[in-house]
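User: I have a structure to go through with you. Please take my questions in turn and reason briefly before each answer.

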Amino acid sequence: MAGRDPILRVERVKKYFKLSVGTVRAVDDVSFDVREGETFALVGESGSGKTTTGYMIMGIYAPTSGRILYKGTDISVPAHKRPAWVKREIQIVFQDPGTSLNPAKYVKDIVALPLVVNRLVEDSREIEERVARLLEAVELPPDIMYRKPRDLGGGEKQAVAIARALAAEPRFIVLDEPTSALDVSAQAKIVSLLMRLQRERRLSYLLITHDLSIVRNIATRVAVMYLGKIVEIGPVEKIFKNPLHPYTRMLLAAAPVILREEEELLPRDVIPVGEIPSAMNPPPGCRFHTRCPFVMDECRKIEPKLLEAEPGHYVSCHLYKEQPVSQ
Ligand code: SF4
């Protein structure tokens, strides 16, 4: 069960990239918090700003403006300027373990690196013991440590990447599309592994994904991003049961359906149309207006504010006014 206290706070963060042909407003005034022990998901199409947001939390990019606080410490700086304890406590699992794991190294060296860098082990015997325990925690046999990533299947490689993240004894893990490079059976194993590790170790996750089925399975709350903005945010069960923003409804309508009951819940009024416009020149007013079937005059001129539609569930759309929405 997630606690109420935020472990991470993102406050009015922007990330602009200046190019010779213009400025890309990849993330444009985004705020949210992640509570201890919860999984907070950022979803959206490619170009929505979700990955850039995750990379700012990791310290891969520094924000152009705004603040990121981790346990109350300002971490709005590149990773090399962060305190060692923050670098250790915030880890990432990347999308493709095929490229994120060094193919020339043995699994033992890959998993041991954070132990050594963070001085969590004394000698080589302790390294071997700790690596074996970490592999056991991700349901891999200990002798896998003497193999190289190319000898492993996709699910095994991602489990090694998770073991490497756990080696640093993190409290917060950014999961960047953790299952999208895997086949369906490996996906299911990695999802249940991540859920078990979270329960056992009280980890907080930031899940970055375009895959709504994984969000439904493991996330507590979700923010839907479109062209650098959060357009809807709230508890997962409320967003899936009562999606308010036309873009959220479009994403749900495009999601693969597994069960007939699920199909009956899908919104039918917003069919997916068009491509996401460029973040270099986002449409004025509501950024979704070029694709929205409900577009009104005001949508083309006035940017909608994020308003609370029901307790804890916020939406930014002119269809919803200050009053709570009853559905
Ligand atoms: Fe559609 Fe207007 Fe709402 Fe934007 S503000 S999502 S254009 S109805």
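**Strands, a helix and the whole chain**

User: Which residues of strand β6 are buried on its two sides?

Analyst: The model is a predicted one. Strand β6 spans residues 90-93, and both of its faces are covered. One side carries Ile 90 and Ile 92, the other Gln 91 and Val 93, and buried here means under 20% relative accessible area. The buried residues are Ile 90 and Ile 92 on one side, Gln 91 and Val 93 on the other.

User: What is the bridge partner of Ile 92 in β7?

Analyst: Strand β7 covers residues 172-176 and pairs with β6 in the parallel sense, over four bridges. Within β7, the partner of Ile 92 is Val 174.

User: What covers the buried residues of helix α4?

Analyst: Helix α4 runs over residues 107-117, and its buried residues are Val 107, Ile 110, Val 111, Ala 112, Pro 114 and Leu 115. Residues three or four places apart in an α-helix point the same way, because there are 3.6 residues a turn. The cover over the buried residues of α4 includes α5 (124-137) and α6 (154-167).

User: How compact is the protein chain for its 327 residues?

Analyst: The chain holds twelve helices and twelve strands. Its radius of gyration is 21 Å, close to the 20 Å from the globule rule, so the chain is as compact as a globular protein of that length.

User: What share of the 327 residues is buried?

Analyst: The protein chain exposes about 16,000 Å², of which carbon and sulfur atoms supply 51%. Counted by residue, the buried share is 50%.

Technical notes
Residues numbered from 1 in each chain as written. Predicted model: local features only at pLDDT ≥ 70, side-chain atom pairs only at ≥ 80, totals over all residues. Heavy atoms only, no water. Buried < 20%, exposed > 50% of the residue type's maximum accessible area, 1.4 Å probe, protein only. Pairing = 2+ DSSP bridges. Contact = heavy atoms within 4.5 Å. Rg over C-alpha atoms; globule rule 2.2 N^0.38 Å. Areas by Shrake-Rupley, 256 points an atom, 1.4 Å probe, with all protein chains shown as cover.
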